Amino acid sequence: MPFRPRYTGLINKYRDRLPIHDDTRLISLGEGNTPLIRLSNIPRELGKDVDIYVKYEGLNPTGSFKDRGMTMAVTKAVEAGSKAVICASTGNTSASAAAYAARAGITAFVLIPEGKIALGKLAQAMIHGAVVLQIRGNFDEGMQLVKEVGENTPVTIVNSINPFRLQGQKTAAFEIVEELERAPDFHCLPVGNAGNITAHWMGYSEYFEHGIVNSRPKMLGYQAAGSAPFMRGAMVDNPDTVATAIRIGHPQSWDKAWKVNKESQGWFDECTDEEILAAQKLLTEKEGVFCEPASATSLAGAMRDIRSGKIPEGSTIVCTLTGHGLKDPDTAISQCTEGVITVDAKLGPVREAIVSNLS
Ligand SMILES: *Cc1c(COP(=O)(O)O)cnc(C)c1O
């Protein structure tokens, strides 16, 4: 019978390319192997001859790409005998850490900025049984505290400063290359701490150096305008944006991301909150793909650069959609002024509402 072996997560699939031993106990929830969806309606609307793919990382087990890094970070923490992990988070890292710690049977401590984390993410951290510390401060302050606590407390830090996180996350580039049977010309990502753009470049470079592909993409990193240290060329102290996942003013992978920028001959740019939300809505309405606001920053930036010709026609472009739209239902609903019609439970008004909305 032509059955294929059950998919059991990215560490098992890429174990030859990851720092893992044969007998390491893998902490996995079947992460990775996410769809690479070719857009059809948006390129037509742009009126440009471009091939745009979105890598839908929102379909990871906890709804964001963070799971790729977390499976490695928690696997290695457990291997080293750690009984607890800790992170600062704008939401998705805490959701992921909470889930993988639960799977491993260890404790997760998560520091989140009070009032600035999307509802779905908070629900995840709580329901998985993490110890949630809501701090009266922003992500950057939380990150600083985690580093200080980590120095003299027996907990493993699972933010992207943990090198195993980037190792796991590089596998997204492997998957893209395998599906396209080549490297894209451009790879667009939202940038917060800049771990993910760094990890993708590691993945592409590894396949390039091993002769699996003969080119690497230009890496394009897009930030939210109110939270764009790479555009300012300096840290930003009071970052703000509706895209809470990238509300980060002091990126932890600052030097690494500049290196990616130079080596790949890519660029950074910024998108306004309006552009970000418009791209999120366009993707849901025209392509049926629901991502969270931060994720749509990659598409918002790509669309602008395609329109201007900075990304030339004939290009193959991949945009990473870092997290699922269900993470932030409040922002989604607040963007929709129409769509819900209240009627009496009677045939007449129901039929009337349908007929008047048929186009
Ligand atoms: C973490 C996150 C980002 C930012 O990734 P970095 O590696 O910090 O640059 C972007 N979007 C979402 C949804 C995230 O959860």
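1. I would begin with I311, which is buried, its relative accessible area being 1%. This residue belongs to the loop between α13 (293–308) and β10. When neighbours within four places in sequence are left aside, the contacts of I311 are F186, L220, Y222, W267, A302, D305, I306 and I317. For a sense of scale, the C-alpha atoms of I311 and G105 are 47 Å apart in space, and the two residues are 206 apart in sequence. Please keep in mind throughout that this is a predicted model.

2. Two of the contacts of I311, namely F186 and I317, lead directly to the sheet, where I317 of β10 is the bridge partner of F186. The strands concerned are β7 (residues 186–190) and β10 (residues 316–321), which pair in the parallel sense over three bridges.

3. The sheet as a whole is open and is formed by six strands with mixed pairing, in the order β1-β2-β10-β7-β8-β9. Its edges are β1 (36–38) and β9 (267–271), each of which pairs on one side only. From one strand to the next, the twist averages 25°. Helix α9 (residues 195–209) lies across β7, β8 (218–224) and β10, and it runs at about 170° to β8.

4. The aromatic residues deserve a separate comment, since the count comes to eight aromatic pairs. F230 and W254 make up a stacked pair, with 4.7 Å from centre to centre and 20° between the planes. This pair links distant parts of the chain, as F230 is in helix α10 (residues 229–232) and W254 is in helix α11 (residues 254–264), 24 residues apart. Both residues are buried, F230 with a relative accessible area of 2% and W254 at 18% relative accessibility; the latter value counts as buried because the cut-off is under 20%.

5. How far apart are the ring centres of F230 and F268, and at what angle do their planes lie? The centres are 4.5 Å apart and the planes are at 20°, so this pair, too, is stacked. Because F230 lies in helix α10 whereas F268 lies in strand β9, the pair ties together parts that are 38 residues apart in sequence. F268 is itself buried, with a relative accessible area of 10%. Taken with W258, the residues F230, W254 and F268 form one aromatic cluster, and through F268 this cluster includes a residue of strand β9, which is an edge strand of the sheet.

6. A further aromatic ring, that of F174, has a charge placed over it: the charged end of R17 sits over the ring, 5.8 Å from its centre.

7. Finally, the cysteines should be described with care, as a search of the whole structure finds zero disulfides. Why does C271 form no bond with the closest cysteine sulfur? That closest sulfur belongs to C188 and is 9.8 Å from the sulfur of C271, which is too far for a bond, because a disulfide requires the sulfur atoms to be within 2.5 Å. C271 is buried, with a relative accessible area of 0%, and C87 is likewise buried, with a relative accessible area of 0%.

Terms used: Residues numbered from 1 in each chain as written. Predicted model: local features only at pLDDT ≥ 70, side-chain atom pairs only at ≥ 80, totals over all residues. Heavy atoms only, no water. Pairing = 2+ DSSP bridges. Helix = DSSP H or I, 4+ residues; strand = E, 2+ residues; numbered from the N terminus. Axes fitted to C-alpha atoms, helices over the stretch in contact; angles between N-to-C directions. Contact = heavy atoms within 4.5 Å. Phe/Tyr/Trp six-rings, centres within 6.5 Å; stacked < 30°, edge-to-face > 60°. Buried < 20%, exposed > 50% of the residue type's maximum accessible area, 1.4 Å probe, protein only. Lys NZ or Arg CZ within 6 Å of the ring centre and 35° of its normal.
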